[in-house]
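Thanks for coming, everyone. I'd like to walk you through one model this morning, so have a look at it first.

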Amino acid sequence: MKLMRKLFSFTIIFILLFLLVAPSEARAVTIGPGTYIEDEALDRTNLGYGISYYKSIGRTSSTVRSSENNQTAYYLNAPSTDAVRVISWANFVNNKWKLTTVRELARDFEAKNPGWQVIAATNGDFFDINATLPFPRQTSSGVAYEGNFFKTGGGTTLGFTNDGSEDSIIWANNPGETDFILDILDENKNVVSSFPIKKNNAQPGANETAVYYGLYNSSQKYDTMAPNITTLAKFYVEEGDLVLPNSANDFYGLGVITATTPEIVGEGQFAIYTNNQEVVNALAVGKKIRVQKKWTGTFKNVNYATGCGGTLIDNGVVPSNVNSTVSAAHPRTAIGRKADGSIVMAVVDGRVNLAIAAGAYGDELAAIMANAGCVEAYNLDGGGSSTLVIREDGVLKTVNVPSDGWERTDANAILVVTRKPEIEVQVSDATDKTLSLTVNVIDIKGHPSDALYANMNGEDVEVINGKVNFSGLRANTEYTCRLFYKLGTRKIEFEDNYKFSTTVTPHLFLRVDAIESGVNFNFEVKYRDRDEETNLPVADLIVNGKTYKLVDGKLSIPISTTGPLETLKIKYVVTNSLGVKTIIITNPDSVPLQFIDELLNNNKKLTKFMFK
């Protein structure tokens, strides 16, 4: 029999150990010619605002590489709304493109946009990494932010709608462009009026307007512009806020008009020459103006855009040329969208330790994006540029392993940004089983506020008229509350957690037993205090006017010390979330007698009448 019990115990232990160490079933996703098998999902992190991150350990197989290849991928999921925006950001210093790490690009955005916060970021477009262009370091395709089109020319381009719709990404190869446009801005950079510019660095015709700016030559030296022409009027920006002469047909200029007699247009300067009287009437010294091209067609209303590389997934299908556009196993960065419009940004490690991170070809990268649920996906700049940054505990940190051994500087980044709402959440009432909260929205910062919800103890409750109630809670327990709103079926949670506690279970005082035993009086307090809100075990016991201390709720006093038992009181302290309270009970050995005693004392006249 003992042997059977030992065998049974050994079998149970073996089964438990197997369950603990046995790997969970891997998930395989095949799309087109590529497959990704995800073995582990690590470091799952809720970053707030509907943004989440995790690290994926898996294997890819490919039409190019016959064997399975170990991969380490990093996924970032985010909504694309007006409140939680996916944007493109570049850094410009002294009117030039400044290569900057992704983390520093995030900090640069925050410094120039007070109140906004970067929650996550990846590197963006390919760029002039070797500085071979006359105007070096610029991105390969366009960059737009908040209606500022820093560059519009060339290549495949992604626009982010940030409208909460399913069509959160717009793609185009060489989006259509307008001619140059002259915008007149107010002090808040809002467009007051706009005029077409028909010529650049060429004399305007009748009723036309031209912009003049210098260019960088093949030696990367700036060639000034000296237009020697006569026009109806001239307006000169001598020290622009930002002037980017990207090419002969791609220019961005922002600044205040400081003169009306320009002769030479130098670095950081541009000029407006016009034969249009309406433009003349609108311009003057002190006016802030902007000159740029804008996109047309599907990109007409796009305010945020970046360039990209090849298409990985198009409407759920992998293009046949995916391995010709992404044609080697390197670290990769990609961006895509799910069917519900949420955006996925992914980085795949490579080059450092091929045993755990082999890098990816195009079909492998497509499968990695499909594993995240993408129905549309695009390749971004990779190699040493591949970087994923998240904000965790208030700190921006890089989570992947950059293959250069350090974070490479890039021409632009894709940032996920939001503004933190100002909300006060306070307890209006608490019991041992319920919590009632008051939610005061001070400034929602663009987030939807018409249907706020609160989550606590696994329960979602709508905030109605600034109030929300939770019941069925445990006594003397701290709970975490988080506010959110809904975007379709998704929860968009705010960053802050609020912690509140239920009160303790109320104690129940019963009596003090007083038993005469031989030469002693033995006292013992009887009570229930599950959450220990009282000091009854060491409370004061007042016997015949003299105070003693209970020890573990008991006390023994010689009768010779007390004499006959005439008066008895207990004095104890209650401490809970409502504060501190001292309670004194007379005649605690009998609650009914105590009630009668109080009744008689408080109604002496009635007593005299009744027993007269």
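**Salt bridges, cores and strands**

Let's start with a pair of charged side chains: Lys-526 and Glu-524 meet in a salt bridge, 3.4 Å from N to O. By salt bridge I mean a side-chain nitrogen of Lys or Arg within 4 Å of a carboxyl oxygen of Asp or Glu. Both partners are partly exposed, Lys-526 with a relative accessible area of 25% and Glu-524 at 27%. On the wording, buried is under 20% relative accessible area, exposed is over 50%, and partly exposed is in between, with a 1.4 Å probe and protein chains only.

Quick housekeeping. This is a predicted model, where local features need pLDDT of at least 70 and side-chain atom pairs count only at pLDDT 80 or more, while totals for chains, interfaces and linings use all residues. Residues are numbered from 1 along each chain as its sequence is written, and side-chain values use heavy atoms, with hydrogens and water left out.

Back to the charges. A search of the whole structure turns up 30 salt bridges. One of them joins Lys-433 and Asp-432, at 3.0 Å from N to O. Here the two ends differ in cover: Lys-433 is partly exposed, at 47%, whereas Asp-432 is buried, at 12%. Lys-199 forms another with Glu-208, the closest N and O atoms being 3.3 Å apart, and Lys-199 counts as partly exposed at 29% relative accessibility. There's also a network of salt bridges linking Asp-39, Arg-59 and Glu-68.

Now to the inside. Which residues touch the most other members of the largest nonpolar core? They're Leu-76 and Leu-415, out of 87 residues in that core. A nonpolar core, for us, is a set of buried Ala, Val, Leu, Ile, Met, Phe, Trp, Tyr and Cys residues joined through side-chain atoms within 4.5 Å. There's a second, separate core of 25 residues, and Tyr-36, Leu-312, Ile-368 and Ala-370 are included in it.

If we leave out residues up to four places away in sequence, Leu-76 touches, among others, Leu-47, Ile-51, Ala-120, Ile-343 and Val-416. Contact here means heavy atoms within 4.5 Å.

Leu-105 is another one to click on. You'll find Leu-105 in helix α2, residues 102-112, and it's buried, with a relative accessible area of 0%. Its contacts include Trp-89, Asp-410 and Leu-415. The C-alpha atoms of Leu-105 and Ala-411 are separated by 9.1 Å, with their positions 306 residues apart along the chain.

Helices and strands, by the way, are DSSP runs numbered from the N terminus: H or I of at least four residues for a helix, E of at least two for a strand. Helix α5, residues 362-371, is mostly covered, with 10 of its 10 residues buried. Just after α5, Gly-373 takes a positive phi of about 95°.

Last stop, the strands; two of them pair if DSSP finds at least two bridges between them. Strands β29 (388-392) and β30 pair in the antiparallel sense over four bridges. In their hairpin, with two residues between the strands, Asp-393 takes a positive phi near 55°. Along β30, residues 395-398, Leu-396 and Thr-398 point to one face and are buried, while Val-395 and Lys-397 point to the other and are not.

Elsewhere, an open sheet of four strands runs in the order β15-β16-β22-β19, with mixed pairing. Its edge strands are β15 and β19, each pairing on one side only.
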